[in-house]
Amino acid sequence: MSVFAFALGLPTLDQQGACIDCFFPAPVKAPEADLAAAIGAQFQAGTAMLAPEAVRGFVLAQQPDIAPLLEADRPLAAVLLAADAPVASTPEAFLKLHLLSHRLMLPNTLNLDGIFAHLPTVAWTTAGAVAVEELAAKQLRARIEGRHFAVLAVDKFPKMADYIVPSGVRLADSNRIRLGAYLGAGTTVMAAGAVNFNAAALGPNMVEGRISQGVILGEDSDLGGAASTMGTLSGGGEIKISIGRQCLIGANAGTGIPLGDRCTIEAGLYVTASTKVALIDERGKRTGTVKARELANRCDLLFIRHSATGEVQCRVNPRAIALNEQLHAHN
Amino acid sequence: MSVFAFALGLPTLDQQGACIDCFFPAPVKAPEADLAAAIGAQFQAGTAMLAPEAVRGFVLAQQPDIAPLLEADRPLAAVLLAADAPVASTPEAFLKLHLLSHRLMLPNTLNLDGIFAHLPTVAWTTAGAVAVEELAAKQLRARIEGRHFAVLAVDKFPKMADYIVPSGVRLADSNRIRLGAYLGAGTTVMAAGAVNFNAAALGPNMVEGRISQGVILGEDSDLGGAASTMGTLSGGGEIKISIGRQCLIGANAGTGIPLGDRCTIEAGLYVTASTKVALIDERGKRTGTVKARELANRCDLLFIRHSATGEVQCRVNPRAIALNEQLHAHN
Amino acid sequence: MSVFAFALGLPTLDQQGACIDCFFPAPVKAPEADLAAAIGAQFQAGTAMLAPEAVRGFVLAQQPDIAPLLEADRPLAAVLLAADAPVASTPEAFLKLHLLSHRLMLPNTLNLDGIFAHLPTVAWTTAGAVAVEELAAKQLRARIEGRHFAVLAVDKFPKMADYIVPSGVRLADSNRIRLGAYLGAGTTVMAAGAVNFNAAALGPNMVEGRISQGVILGEDSDLGGAASTMGTLSGGGEIKISIGRQCLIGANAGTGIPLGDRCTIEAGLYVTASTKVALIDERGKRTGTVKARELANRCDLLFIRHSATGEVQCRVNPRAIALNEQLHAHN
């Protein structure tokens, strides 16, 4: 059997028995032949709820690190995806989000069709995931019993850090990073930063702005405080935004176009796809005007709004020139 | 007796016996005659602290859903507001905030005079509400005993979601929505969104920016990432901001004037009341210049900063034209 | 012995016995002669881990308020800094952060060399500080046992409010204020506000924007929603930013230069050090153009971007003129 992805996890069920959350400590993507054969011998494609006892042999032989799962007092979720098909169950939705945050898949490479339909809106509380219909009664009960019970979020997506903290990252406020974010090693997300599901900072990066769904921030690029990247879900329309390597999006700036490598947008400037941009060459000479979307994915650009004329301009990035000169100096 | 609003709730008292927090699971606004009569027969106008036993008959007959309150180990707060007078006690202040978040009153329709004076600054912790004077000793004690004790906020206003999660909303980070926010069904507040007390998103809305005290966001309008609405407490002066239906305030944009329906402010542009705005008609012809405040509450406006000249312009919103054309096409 | 600073505290150790967190309930700076002598008689310069019993006499005589520390079930950390030398241990790093948040030292007056090297990246969880290497196993174990276990942050710096809440402040979301922030009395930090370590709001202030490392906000100044101050760690280079008294940085605005007193930057305008600024005198006459860095630390300036020409302009602040006229009226 072909195994696209597989995981055993611990589901949270609501009072009707519906799965509203699923934690997979060690998801597997494209396993090697031996493990794939063992998975195929034990599990069927799709989602199953199985007594811990039923998977004891498999876990001890194949995934001993997650043996504590066998102590669970309820059925485990086993999800076997033979192929990357549309999401067909809540555990499948959670598995795909895990694949992204475990760095097993990059954003925009997974079939996420149906994910919104299969993720219920859940109250994420200090007593775990709670169905929103059950919330008011639980809040009243906790108050009466003098137990603290905080509602941290009410959302389809939980916080990544409660499922996986990938190696080498710093997260100043974990509330702002959804499960399904891909954070590479060396990435710091500051208090004003935020990373949606199916969005990436490949690392190392300093992220003080918002990485929207579908957006990828390249190596050594920084996203300044409250800087914005337009997502396809949030105003960017059909254009998929990405930001190359060694870019700097200044504080309170934003981009509605994908950028190549070594690009800078000055603090406070928002470049949208339809912004008209004057092109200035290395000698300071104006060479034309284009819509910003025509500059998509180009490298070594510096975007500013001229402080005397208010004109949005694009210059060859002096940082790139400096870098070139430095490189030449070593020739 | 006239009953403007009524509620029974569970107060939190500090070590001096002062009320620093009050949770009302089922506040009532303008009750029907039978309930009003029952309230009037049992309670006096104002705030009272009563033994649970004293209200047993009333609760079981009139509000059986909150019967768990009768199990409380301390007095309950009973607040009966005969009229919408200035806030006269801490439980009254909490009741008025509940009325807003329970969608029983719209922002700017409640008398909130005195609310700041009657809301003490409280440490909102993982052990509940704690008087700030008692905090340091409790923190030290918890550390010594190995109990986690986090201070989530220190504020007059607690988080809405710990009191009521209205139906049909999603809240990516509940820390950013104060009790007293009014969130209509279909509203999503993302990680960069924030909603103050006495502020509303009528729903459905996508809220990724800040709704200041006194501001109302209309149906089907979106507030982009980190977008700002000037509040009367925060720079807007006397002008009360509201945003109509089907508006879009772009990411990192802002408004200091109230907007009518179907208005757009492009990403990154902040329109203040005194911004001089060039008016451009449907044929692209300049028809004059006004201060933005003169455009208050007008519909179908598109605000941009021209990318070549830096001029702030107001055009008839092409989305409105497109909508009109679409409507005409169906005639 | 010279005593620059001293504190007894409760460390958190990881499974290898390394200190990953240290809580000092009552740090001391430049103690008076008697206390300095008592410290010198009992402790040696540097960091020591001591049995509570070993410091019983000292604590009861000198710091009775922290006597609960003597009940600790593990060694206490004693840190004695003879001088303000580079940071040499994790407890020393925590002590210096405490000195700032306890208002015993102002930002930029402490030697913080080495602080990054001595602060391990830690998972700050609802079960306290956890070494990142130990996190995954603890998360799995908590899930199996049905205990809620949330990862609030993964960072070198913890949240200030879990160590000290200085008097007279309000913090809408404590996740956004790091230990090492200096918050003066009368300061309110709203949901979009953030304060880094070695950064200050001297108070009273309304902080709805980001105070970067090294930045000081003066008395009676307001930082608008999502307003940005460039830090030396985040794009500001060598220029140390400070903001004087009675300044207003508008919402979504920002500054890359230090400001004197009574300066205003209008909402949405980002002034960087290299922004060219037209100077306009009190009669509205243009008197020249300078780079913004030449206006560093000047008082009574109003920065705007002209809404018709897009030019960044600096005018004498009309608020300052109004103030002057008012003062003259009372002569």
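User: Which residue of chain B comes closest to the rotation axis?

Analyst: In this predicted model, B:G310 is the residue of chain B that comes closest to the rotation axis, with its C-alpha at 2.3 Å.

User: How should I read such an axis, and what rotation superposes chain B on chain C?

Analyst: Two copies of a chain are related by a rotation about an axis together with a shift along it. Here, a rotation of 120 degrees with 0.0 Å of shift along its axis places chain B on chain C, and the RMSD is 0.0 Å. The two copies are thus related as by a three-fold rotation axis.

User: What rotation superposes chain A on chain C, and which residue of chain A comes closest to the axis?

Analyst: Chain A is superposed on chain C by a rotation of 120 degrees, with 0.0 Å of shift along the axis and an RMSD of 0.0 Å. Of the residues of chain A, A:G310 comes closest to the axis, its C-alpha being at 2.3 Å. The copies use different surfaces, for 20% of the contact residues of chain A recur in chain C.

User: How many residues does each chain give to the contact of chain A with chain C?

Analyst: Chain A contributes 45 residues and chain C contributes 42 residues. Between them the two chains bury about 3,100 Å², with 51% of this area on carbon and sulfur atoms.

User: How do I read the charged and polar pairs there, and how many salt bridges are counted between chain A and chain C?

Analyst: A salt bridge is recognised by distance: a side-chain nitrogen of Lys or Arg must lie within 4 Å of a carboxyl oxygen of Asp or Glu. Between chain A and chain C the count is 3 salt bridges. One of them pairs A:R170 with C:D155, and the closest N and O atoms are 2.9 Å apart. In addition, 18 residue pairs are in polar contact across this interface, both residues being at pLDDT 80 or more.

User: Which elements of chain A give two or more residues to the side that touches chain C?

Analyst: These elements are the strands β1 (5-13), β2 (19-23) and β9 (170-171) of chain A. By class, this side of chain A holds 22 nonpolar, 13 polar and 10 charged residues.

User: Turning to chain B and chain C, how many residues take part, and which three residues of chain B supply the most buried area?

Analyst: The contact draws 42 residues from chain B and 45 residues from chain C. The area buried between chain B and chain C is about 3,100 Å², of which 51% comes from carbon and sulfur atoms. B:L140, B:R143 and B:I144 supply 23% of the area that chain B buries against chain C, more than any other three residues.

User: How many salt bridges and polar contacts are found between chain B and chain C?

Analyst: The count is 3 salt bridges. Among them is the pair B:R141 and C:E71, with the closest N and O atoms 2.8 Å apart. The polar contacts across this interface amount to 18 residue pairs, both residues at pLDDT 80 or more.

User: Which element of chain B gives the most to the side that touches chain C?

Analyst: Two elements give two or more residues to this side of chain B, namely α5 (132-144) and β8 (151-155). Of these, α5(B) gives the most, with 6 residues. The residues of this side divide into 18 nonpolar, 12 polar and 12 charged.

User: How do I read a sheet, and in what order do the strands of the open sheet in chain A stand?

Analyst: Strands of a sheet pair through backbone hydrogen bonds, either parallel or antiparallel. In chain A, 4 strands form an open sheet in the order β10-β13-β16-β19, and the pairing is parallel. β10 (181-183) and β19 (242-243) of chain A are at the edges with a single partner strand each, so one side of each has no neighbour in the sheet. The parallel strands β10(A) and β13(A), residues 199-201, are joined by 3 bridges. A:Y182 has A:A200 of β13(A) as its bridge partner.

User: What is notable in the backbone, and where is the cis peptide bond of chain A?

Analyst: Most residues other than glycine have a negative phi, and most peptide bonds are trans. The peptide bond from A:G203 to A:P204 is cis, with omega near -10 degrees. A:P204 lies in the loop between β13 and β14 (205-207) of chain A. In chain C, a cis peptide bond joins C:G203 and C:P204, with omega about -10 degrees.

User: Is the phi of C:N108 positive or negative, and in which loop is C:N108 found?

Analyst: The phi of C:N108 is positive, near 70 degrees, in a residue other than glycine. C:N108 belongs to the loop between α3 (90-101) and α4 (115-118) of chain C.

How values were computed. Residues numbered from 1 in each chain as written. Chains lettered and ligands numbered in written order. Heavy atoms only, no water. Contact = heavy atoms within 4.5 Å. Buried area = accessible area lost by both parts, 1.4 Å probe. Polar contact = N/O pair within 3.5 Å; in protein donor to acceptor, adjacent residues only side chain to side chain. Nonpolar A, V, L, I, M, F, W, Y, C, P; charged D, E, K, R; others polar. Pairing = 2+ DSSP bridges. Least-squares fit on C-alpha atoms with pLDDT ≥ 70 in both.
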